[in-house]
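User: Please take a close look at one part of this model for me: how its helices pack. I'd like the residues named, so that I can follow along on screen.

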Amino acid sequence: NNQTKVALITGSTSGIGLGVAERFAKNGFNVVINGFGKQDQINSIVQNLKQIGAKEVLYHSADMSKETEINDMFEKIKSQFERVDILVNNAGIQHVCPVDEFPSDKWEQIIKINLISNFHTIKRSVPYMKKNGWGRIVNIASAHGLIASPFKSAYVAAKHGVLGLTKTVALELAEKNITVNAICPGYVKTPLVMNQVADTARVRGISEEDVIKKVLLLNQATKKFVEVEEIAEAVSYLCSDNAASVTGTHLSLDGGWSAQ
Ligand code: NAD
């Protein structure tokens, strides 16, 4: 069992991360999932991942804003698998607020979860990848890693940071058969997005329906949400052997948003 590759996906109890975890499960990997949720909800996710093909599934509740909990997750990974082959940094939160009203603790929390956690997980995964002479790191950034929108100062700063981290680590590992890339999705219909609709409506003084049409999908030229399955497919490609030369870059799945 030690030969089976281990894919660790942070923030994988919901949305994009869950879709990516399901993809690796279908491909027969050992899957490590992480994120918040009620115990019965977690149990059914673990059961489903096994049912669709995962070899072993480890769940760890590490809060990505806390280095000590990330450490503990890697201790569990060490004792169960002693390897990490694929790391998908996906955990992320959003908060929509004008900069002069933005709660400082919220701002720092977003930087910790959306950016600093990527450093902590990369730092602890790379030694395994170097030892095995193969590795894939995919950071789920955002179209907001490339361009900005008002009222999202913490998120946009963090996601721009993720792209800088991605490029730097890719250079460090380029000769080790380890690639490091980012994915920049536009709007995907997940709880993260749907939960910000009400806040955005309030900040901008418009209806929730108009937030979807006139704010979220305004620049998404396709006028459609991106599907979770599209992200999972892109992650799967970046983790394939045929993507060995794709490193230090990003893949945009944003319906033409960043073309403008
Ligand atoms: P989501 O809210 O559906 O899922 C987020 C996951 O992260 C959940 O499993 C949650 O439990 C977990 N999580 C949250 N805080 C955590 C913490 N402190 N520690 C550990 N886990 C934590 O969100 P999503 O839309 O699937 O977003 C996933 C990633 O994709 C995020 O990084 C987000 O910024 C990025 N993204 C999303 C969209 C979109 O439109 N949904 C677009 C671009 C980028």
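Analyst: **Helices and their partners**

Let's begin with helix α2, residues 39-51: its 13 residues span 18 Å from the first C-alpha to the last, close to the 18 Å expected at 1.5 Å a residue (1.5 Å times one less than the number of residues). Helices here are DSSP runs of H or I with at least four residues, numbered from the N terminus. Just after α2 comes G53, which has a positive phi near 135°.

Before the packing, a word on the model itself. It is predicted, and local features need pLDDT of at least 70, side-chain atom pairs count only at pLDDT 80 or more, while totals for chains, interfaces and linings use all residues. Residue numbers start from 1 along each chain as its sequence is written.

Now to the pair α4 (104-132) and α5 (153-173). Their axes (lines fitted to C-alpha atoms over the stretch in contact, with angles from 0 to 180 degrees between N-to-C directions) come within 8 Å and cross at roughly 15°. The two helices are therefore roughly parallel (under 35 degrees; over 145 is roughly antiparallel, 65 to 115 roughly perpendicular, the rest oblique). On α4 the contact (C-beta atoms, placed from the backbone, within 7 Å) involves W107, I110, I111, N114, L115, N118, F119, I122 and V126. On α5 you will find A154, Y155, A157, A158, K159, G161, V162, L165, V169 and L173. By class, that contact has 15 nonpolar, three polar and one charged residues (Ala, Val, Leu, Ile, Met, Phe, Trp, Tyr, Cys and Pro are nonpolar, Asp, Glu, Lys and Arg charged, the others, Gly among them, polar).

Helix α4 also packs with α3, residues 67-80, at an angle of about 30° and with the axes 10 Å apart. That angle makes α3 roughly parallel to α4. Here E67, I70 and F74 of α3 meet S117, H120, T121 and R124 of α4, a contact with two nonpolar, three polar and two charged residues.

Next, look at α1 (15-26) and α8 (228-238), whose axes come within 9 Å and cross at roughly 55°. That angle makes α1 oblique to α8. From α1, the residues to click on are G15, I16, G19, V20 and R23, and their partners in α8 are V228, E229, I231, A232, V235 and S236. This contact has six nonpolar, three polar and two charged residues.

Finally, there is the ligand. α1, α4 and α6 (191-204) each supply at least two residues of the shell around the ligand. In total 28 residues surround the ligand, with G11, G15, G35, G92 and L192 the closest (a residue is near if its C-beta atom, placed from the backbone, lies within 6 Å). The shell divides into 13 nonpolar, 14 polar and one charged. G15 is worth finding again: it is among the closest to the ligand and also meets α8 from α1.

How values were computed. Two residues are in contact if their C-beta atoms, placed from the backbone, lie within 7 Å.
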